[in-house]
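Me: Could you take a close look at a single part of this structure with me? I would like one strand, explained step by step.

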Amino acid sequence: MAWFDKLSRGLSNTRNSFTESMNVLFRRGPKLDENFYDDLEETLILGDMGFQAAEDIVASVRDTARRKALPDAQAVMDLLEDSIAQQFKQAERDPFTDLPSLVLFVGINGAGKTTTVGKLAKIAKDRGDAVLIGSADTFRAAAIEQLDIWGERAGVEIVKRERGADPASVCYDVIQRGEETGAQLILIDTSGRLHTSKDLMRELQKVVNVTRKRSGIPVSVVLVMDATTGQNGLQQAREFNKSLDLDGVIITKLDGTAKGGIAVAVSRELELPIYRIGVGESIDDLQAFDAHEFARALITG
Amino acid sequence: MFDNLSGRLQGIFSGLKSKGRLSEADIDAALREVRMALLEADVNYKVVKGFIANCRERCLEAKVMQSLNPSQNVIKVVLDELTALMGSTNTKLILSSRIPNVIMLVGLQGSGKTTAAAKLAYRLKRDGHSPLLVACDVYRPAAADQLQTLGDEIGVKVYRGDGKDPIAIAKTGVRFAIDNLRDVVIIDTAGRLHVDDEMMDEAARIKEATDPDYIFMVLDAMTGQDVVNVAQTFASKVDFDGVIMSKMDGDARGGGALSIRQITGKPIMFISAGEKPQDLEPFYPDRMAKRILGMGDVVGIIERAVEMADQEQAAQQAERMLKDEFTYVDFLDTLKQVKKMGGLSKLLKDLPGGDKALASGQVDEGELDRIEAIINSMTKQERMKPGLINGSRRERIAKGAGVEVYDVNQVIKRFNETRKMMKKMQGMVPQGKPGKGKKGKKGKGGNMRQMMGMMRSMGLDGMDLSKFR
């Protein structure tokens, strides 16, 4: 419950007004009228779930509520929570604990890839796993230095090349080094890119292909996405998935007031599990994902 | 599932256009689509509500309903309201006489502050200022290194201070600027969450210590509904003066631009759209509104062309065109300019309907390179006298460029079409004698003609993109 509390605290700022109106509804008794459902839809839209998804979910909840003759608002809210939680695809395997494993981190600029790699490396290292990190972000200024500092903090070896080097060849080096040292968990950071940039997506495709081909251990490609992302997040995920055949998603920066509703659409449409969520700055704040708690945080204070 | 906003509204309005008169129900149907499109564009729910209500009221006015062409009027109402929402005129960055001017950047983590700081410095330097970048992000590992690297690339000095206390760095940074004759200081601060009171206080203290002339909030164009909470808090804690929208080169519609203006009243100052230092452009609300409505940002393209084009070269080319001596040399110059302006897709995106063409994958950037290679494989004489190119020469050119003869023929065909078009245009433009007296004025006109020719030669006339495949 620790992160749920944290998440709720962060989220409560914006949700206060909604919760108040919900409370009013509760006090008014089990009146499930037009306004009630409109409010639900509004909450979901304000949570970045998207107009279409919000409308669909509320319509189906409303339908079920009528059929089952649900007694009050609380029962409807529980149903809504279940419906949202069910949208998420379950992970079959956790690439950060089911070892050996190699994970490539991809995403748009500023999503939080480097920080996530750093935190995951530290967590695994502290657990006693043999970890290796690779810096295939050879484009952004000082990205290598940034990861370097994370490597130092975690006490984990980092494989890198000079800025401007071919990222695919860096991955090649990382895998080789991993084989030499017997690393169980290999984490590779890539440079952020917009999904609309054809050339950069092709470059990334090459990086992923080389890694998948060369690696002797299972490879996962994980999309890192900022929770504040709006509806464009789905387009982003679609494009990355189309080019790279993603395995899962990590949602970062859920400690603000953003609710990350876009994750619902991404997980549902692309059938991608959410591996982790970031709910704060510290290393412990990168947590396992629980669909029900996420759903609850999305709809209640 | 989600069409982009331009495509969506184009769809709605082409439906409206085919109808003569509109009923109240028609307007509601259209506005429902507008509402949905705006929500998908991440315009805040509450802002959308108000917007739609306003539009509806104005659409139902008698003069719209009873006018000869009500659908045109509906478009106009929506466009006007959109523009008004974003602030009617563009806000220019005007530096005061104070030396140095201080500009401070704030924003969430990963919004693009450091990149924006470098781009802003580049722009100011280009405009004749001598900026200083100050690295106040002491939290993110290697943030100062990043700014340093970017500063080195654009030739702007970066002040890093002791790398520990952001307030002290900011203060001594301003001092450093005075001692080193820098007239603008750009302070890059750490990314911070609006709910992190401690960090928000820090931002307020940096502000207090440096008394900035401008505080800009950097906002990711992809930000969703939460933009309202973020902007509101930043506005109340540090009272920023304007917004820089980042990552505008993606396909996010940037609905946040609408929301932020409405909620905080602060103008959008710049948009940042690309990986290069020069990819920072002023924000024009009217153009943005038009772009959202699928009317294209033609003015923006022409301005970009004027900015990029080598004036003298353009003047010469214009003169040559007027004398009907359009050669492969000119053709090549034109190609290079398209590339300079950010390539075909950037150009296209700003044109009406361009989004659609881009989305359907009809644009092949490699095509420009191929044409360039083909022209480069021609001899000097061939380039100046296109008539010389016969069958065997075509074969040789194809070999030199590593393409098929068919490709060479295509380029020749396109060149001839462009040439023909130039000739036609001569009849259209007033024939000023290409003399030497008023060169400045000539140059400008030349640019316009060149632009039109450029678009036509790229197959953009009438959006017939098939020519370009």
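Reply: Let's begin with a term we will need: a residue is called buried if 20 or more other C-beta atoms lie within 10 Å of its own. Keep in mind that this is a predicted model.

Now find strand S4 of chain A, which spans residues 185-190. By that cut-off, 6 of its 6 residues are buried, so the strand is mostly covered. You can follow this on both faces of S4(A). On one side sit A:Leu185, A:Leu187 and A:Asp189, and on the other A:Ile186, A:Ile188 and A:Thr190; all of them are buried.

Next, look at the strands that pair with S4(A). Strand S1 of chain A, residues 101-106, runs parallel to S4(A) and is joined to it by 5 bridges. To see where they meet, find A:Val103, which stands opposite A:Leu187 of S4(A). A:Leu187 is one of the buried residues we have just listed. Strand S2 of chain A, residues 131-136, also pairs with S4(A) in the parallel sense, over 6 bridges. Here A:Ala136 stands opposite A:Thr190, and A:Thr190 belongs to the other buried face of S4(A).

Finally, step back from the strand to see where chain A touches chain B. The contact takes 36 residues from chain A and 33 from chain B. On the chain A side, helices H1, H2, H3, H6 and H9 each supply at least two residues. The largest share, 4 residues, comes from H6(A). By type, the chain A side divides into 12 nonpolar, 18 polar and 6 charged residues.

Conventions
Residues are numbered from 1 along each chain as its sequence is written. Chains are lettered from A and ligands numbered from 1 in the order in which they are written. This is a predicted model: local features need pLDDT of at least 70, side-chain atom pairs count only at pLDDT 80 or more; totals for chains, interfaces and linings use all residues. Two residues are in contact if their C-beta atoms, placed from the backbone, lie within 7 Å. Ala, Val, Leu, Ile, Met, Phe, Trp, Tyr, Cys and Pro count as nonpolar, Asp, Glu, Lys and Arg as charged, and the others, Gly among them, as polar. A residue is buried if 20 or more other C-beta atoms lie within 10 Å of its own, exposed if 12 or fewer, and partly exposed in between; C-beta atoms are placed from the backbone. Two strands pair if DSSP finds at least two bridges between them.
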